[in-house]
Amino acid sequence: MTGTGEAVAAGVPGARGADGLPRHGVDRATFRAVAGARGGPEAVRLLRAGQLSKRALLLLALHRAAPEHEGYREAYGRVRVLQREDRPRWEEVLLRPELDAWAADCLRVVAAGTGASAGSGGPGEPAGLGGLGEFLRDDSGRALALECDGLRWAPSVDHAGPRRVDYGRPPAGPLTEAELACWEERLSEAWRILVRRHRRHAEAVAACVVTIVPLCPAPGGEAVSAAARRAYGAVATSLPGDPVLLALALVHEFLHVQLGALLDLVPLHRPNGPAVYHAPWRPDPRPAGALLQGTYAHLGVADFWCAEAAAGAGGAARVEQAQREFARWRTHTLTAGRTLLESGELTLQGKEFTDELVRSACELGGPGRCSWGRSGVPAALGRGREEGNRPADSYACPGGGPGGCRGGWGGDTLGRAPRRFARPLNG
C-alpha cells in the first residue's frame, strides 16, 4: 500500500496477508472518507464485501458445529448451490439484515450445549437452526421501487417479522395496505429530499440500506429511529409526519450501520470497560464505543442540517430551524470528538478516524466557524503524528477471520447482543 491512499486489492478477493490467508483491508483514502461521512457507494461496496465474508463464515461455523441437524444441512446445501450458480441471489440471501443476529444466536446456543434447536420456542423468536430456510424465501416484506432524478433505491418494508433483532422500540406491524401505501408515499418524499439536497448521502443509502423496519413511535408520540450492530442494511424507524425528518433518520441510521461494518474490519476503540463519558445529546454517560457511534452519526446530522440551511427550502422559518439544528449538532459533535480524543480509549486507527471526523465537523459551514479557534483543530488532534505514531496507509483485520480481530466480529462481538441505537429523531 502506497502513501498516496491508492487502494491495492483492498477488500477484494485475492488480497492476502503474510500467512497466506485472505484479508479484507480498508485503504487509507477510503478509511478517511468514511470517517468524514463521505465514503459513498465505493466505501459501501468495500464494507459490504466484509459483511458477506463474515456471514459466510458464520454459516460455515454452524455447519461444522451442528453437522447432524438435517434442516440446517439441507438449507446450507441450497445456499452453497446459490453461491456456485446464482451469485447475486446468494449475496441477497446472506445480506438479509437479520441473518447475522440469527446465526450468532444459534452459534451461542450450540456452543453452550443446550441443543441444536437454538431458540425454536415461541412466536416471533428465532426459528433455530432450521430458520436458515426462512432466509431463502423471497418474502422479506413489501418491495418498493423509488426513483428521483435518475437515482434508484429499492428497499423493502419488513413489517411482518419475525424479529430477530431488538431495535429498542416495539415493531409496528403487520401493516394494512393503507398503512403500507402511506409508508411508500412518505419514503418517496424523503427520497426526493435526499436526492435533491443530499445526493452524496442518497447514493450511499441506496447502496447499503435494503430494509426498512417500521417501529411504533415513542409513548409521547415522538418519532424514533434505530439501527442494530448485527443488522447490516436495515434502518428501523417510526413514520414521522415531516418527510425531512424521515430523510434525516435514513442518513443518521445509515451512518450507524456503516460504522458497525467498519468496526467488523478495523478496531477503533478498546473493548468497553467500566469508564463512561459525557454525551452532550443525552443525560446518561456512555462507554467509549457508544460515544463514538453517537459522535459519528451526529456528524451526519450536522451535515444534513447544514445542507438544509444552504438549500433554503421551506421558507425563512425552516431555514432558521435548520441553522439552529446545524449549530447544535455540530457543537455536540465537536465536544464529543474532543472527549474521545482525550479518553485514552481509542486505538491508533481510532485516533485517526476521530481526527478526520472532527476535521470534517470543523469544515462544515465554511472556514472560521469552529469553536476551537481559527485552526479548527482541538489540541489533542494530531497528537499521534507529533509523537511519531503516524498510522499506516491501510488498515486490515490482523486475524483475517473469526477470532483474529479484537474488537471485531471474531472475538469481541460474536458472542454479544446487538448494540442498539434507538432514539427520538433529532435526539
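These are my notebook entries on a predicted model of a protein chain.

**Entry 1. Overall make-up**

I began with the chain as a whole. I found 13 helices and 10 strands in the chain. Of its 427 residues, 54% count as buried. I then looked at how contacts are spread along the sequence. Among contacts in the chain with a separation of 6 or more, 72% are between residues 24 or more positions apart.

**Entry 2. Nonpolar cores**

I next asked which residues have the most contacts inside the largest nonpolar core. They are Trp102, Leu262 and Phe353, in a core of 102 residues. Helix α9, residues 243-263, gives the largest share of this core, with 13 residues. I also noted a second, separate core of 12 residues, with Tyr167, Val213, Val224 and Ala228 among them.

I followed Leu262 further and listed its contacts, leaving out residues up to four places away in sequence. Leu262 touches Val26, Phe31, Val34, Leu47, Leu268 and Phe353. Phe353 thus appears both in this list and among the residues with the most contacts inside the largest core.

**Entry 3. Two glutamates**

I looked up whether Glu98 is buried or exposed. Glu98 is buried, because its relative accessible area is 6% and the cut-off for buried is under 20%. Glu98 is found in the loop between α4 and α5, the latter being residues 99-112. Its side chain makes a polar contact of 3.3 Å with the side chain of Tyr167, a residue I had already listed in the second core. Not counting residues up to four places away in sequence, Glu98 touches Phe135, Pro162, Arg163, Arg164, Val165, Tyr167 and Arg230.

I turned then to Glu352, which is in helix α12, residues 348-363. Glu352 has a relative accessible area of 3% and is therefore buried by the cut-off of under 20%. I asked which side chain is joined to that of Glu352 by a polar contact of 2.9 Å. The partner is the side chain of Arg28.

**Entry 4. The second largest pocket**

I recorded a volume of about 440 Å³ for the second largest pocket. Its lining has 23 residues, and Glu92, Arg96, Ala154, Val210 and Thr211 lie nearest its centre. By class, I noted 12 nonpolar, 5 polar and 6 charged residues in the lining of this pocket. Two or more lining residues come from each of α2 (40-65), α4 (87-94) and α8 (199-208). The largest share, 3 residues, is from α4.

**Entry 5. Cavities**

I asked how many cavities of 30 Å³ or more there are. The count comes to 4. The largest cavity has a volume of about 70 Å³. It is lined by 13 residues, and Ala228, Arg229, His256, Val257 and Gly260 are the closest to its centre. Ala228 was already in my notes as part of the second core.

I checked which elements each supply at least two residues of the lining of the largest cavity. They are α2 and α9. The largest share of this lining, 4 residues, comes from α9, the helix that also gives the largest share of the largest nonpolar core. The lining of the largest cavity divides into 7 nonpolar, 3 polar and 3 charged residues.

Definitions and conventions:
Residues are numbered from 1 along each chain as its sequence is written. This is a predicted model: local features need pLDDT of at least 70, side-chain atom pairs count only at pLDDT 80 or more; totals for chains, interfaces and linings use all residues. Side-chain values use heavy atoms; hydrogens and water are left out. A nonpolar core is a set of buried Ala, Val, Leu, Ile, Met, Phe, Trp, Tyr and Cys residues joined through side-chain atoms within 4.5 Å. Buried means under 20% relative accessible area, exposed over 50%, partly exposed in between (1.4 Å probe, protein chains only). Contact means heavy atoms within 4.5 Å. On a 1 Å grid over the protein atoms alone, a cavity is a set of points where a 1.4 Å probe fits but cannot get out, and a pocket is an open set with protein on both sides within 12 Å along at least five of seven lines; lining residues have an atom within 4 Å of a point. Grid points are joined across faces, edges and corners, and a volume is the space filled by probe spheres set on the points. Ala, Val, Leu, Ile, Met, Phe, Trp, Tyr, Cys and Pro count as nonpolar, Asp, Glu, Lys and Arg as charged, and the others, Gly among them, as polar. A polar contact is a pair of N or O atoms within 3.5 Å; within protein, one must be able to donate a hydrogen and the other to accept it, and residues adjacent in sequence count only if both atoms are side-chain atoms.
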